[in-house]
Amino acid sequence: MSFVSNSSTSGFKVPTNTIISHFADANLIVDDLLDGGSDVFFSEVLFGGSHQGSAFNLLSGKAVLP
């Protein structure tokens with residue numbers, strides 16, 4: 001997953017709230033989506049620093065679609 005930054009409204013706060021709402025049964029909180037790993041929601045979490053940076057992470061293969 002690639003977000004813009006953890007302080008971005010459209011590049012983090014709105015997407016994470018949507019993910020949390022969609023997966024309500026998983027009892028996720030925002031902190032669960034900040035870091036990647038084998039025991040958390042995303043195996044890897046990147047921050048692009050801008051919307052273009054996040055798009056670059058996806059297009060370059062650094063971030064992959066689930």
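1. Is F56 buried, partly exposed or exposed? F56 is partly exposed, because its relative accessible area is 49%, and the exposed class starts only over 50%. The residue is found in helix α2. From F56 to F12 the C-alpha distance is 16 Å, with the two positions 44 residues apart in sequence. The model is a predicted one, and the points below should be read with that in mind.

2. Overall fold. The chain holds two helices and two strands. Read from the N terminus, the order of these elements is β-α-β-α. Strand β1 covers residues 2-3, helix α1 covers residues 9-22, strand β2 covers 46-47, and helix α2 covers residues 51-59.

3. Overall dimensions. The radius of gyration is 11 Å, which agrees with the value near 11 Å for a compact globule of 66 residues. Along the principal axes, the C-alpha atoms occupy a box of roughly 30 × 25 × 15 Å.

4. Burial and surface. Of the 66 residues in the chain, 29% are buried. The exposed area of the chain is about 4,400 Å², and 56% of that area is supplied by carbon and sulfur atoms. Taking contacts between residues at least 6 apart in sequence, 38% link residues at least 24 apart.

5. Nonpolar core. Which residues form the largest nonpolar core? The set has eight members: F3, F12, I19, I20, L28, L33, F42 and V45. Helix α1 gives the largest share of this core, with three residues. For one of the members, F42, the contacts beyond four places in sequence are M1, F3, I19, L33, D35, G36 and G37. F3 , I19 and L33 thus appear both in the core list and among the contacts of F42.

6. Helix α2, buried face. The buried residues of α2 are G53, S54 and N57. Viewed down the helix axis, these residues fall within an arc of 100°, so they line one face of α2. What does this buried set pack against? The partners are β1 and β2.

7. Helix α2, other side. Q52 and L59 are exposed on the other side of the helix. After α2 comes G61, which has a positive phi, near 90°.

8. S2. This residue lies in strand β1. S2 counts as buried because its relative accessible area is 15%, and the cut-off for burial is under 20%. With which side chains does the side chain of S2 make polar contacts? One partner is S54, at 3.4 Å; another is N57, at 2.9 Å. Both S54 and N57 belong to the buried residues of α2. Beyond four places in sequence, the contacts of S2 are L46, G48, S54, N57 and A63.

9. N57. This residue of helix α2 is buried, as its relative accessible area of 8% shows. Neighbours within four places in sequence aside, N57 is in contact with S2, L46, F47, G48, K62 and A63. The contact lists of S2 and N57 both include L46, G48 and A63. Of the residues that N57 touches, S2 belongs to β1, while L46 and F47 fall in the range of β2. The packing of the buried residues of α2 on both strands can be followed at this position through these contacts.

10. D32. This residue lies in the loop between α1 and β2. D32 is partly exposed, with a relative accessible area of 26%. Which backbone atom does the side chain of D32 reach? The atom is the backbone nitrogen of I29, at 2.9 Å. Outside four places in sequence, D32 touches N27, V40 and F41. Between D32 and I20, 12 residues apart along the chain, the C-alpha separation is 9.5 Å.

11. N27. The loop between α1 and β2 also holds N27. With phi near 55°, N27 has a positive value in a residue other than glycine. Is N27 buried or exposed? N27 counts as exposed, because its relative accessibility is 64%. N27 is also one of the residues that D32 touches.

Conventions. Residues numbered from 1 in each chain as written. Predicted model: local features only at pLDDT ≥ 70, side-chain atom pairs only at ≥ 80, totals over all residues. Heavy atoms only, no water. Helix = DSSP H or I, 4+ residues; strand = E, 2+ residues; numbered from the N terminus. Rg over C-alpha atoms; globule rule 2.2 N^0.38 Å. Buried < 20%, exposed > 50% of the residue type's maximum accessible area, 1.4 Å probe, protein only. Contact = heavy atoms within 4.5 Å. Areas by Shrake-Rupley, 256 points an atom, 1.4 Å probe, with all protein chains shown as cover. Polar contact = N/O pair within 3.5 Å; in protein donor to acceptor, adjacent residues only side chain to side chain. Arc of directions from axis to C-beta. Core = buried A, V, L, I, M, F, W, Y, C linked by side-chain atoms within 4.5 Å.
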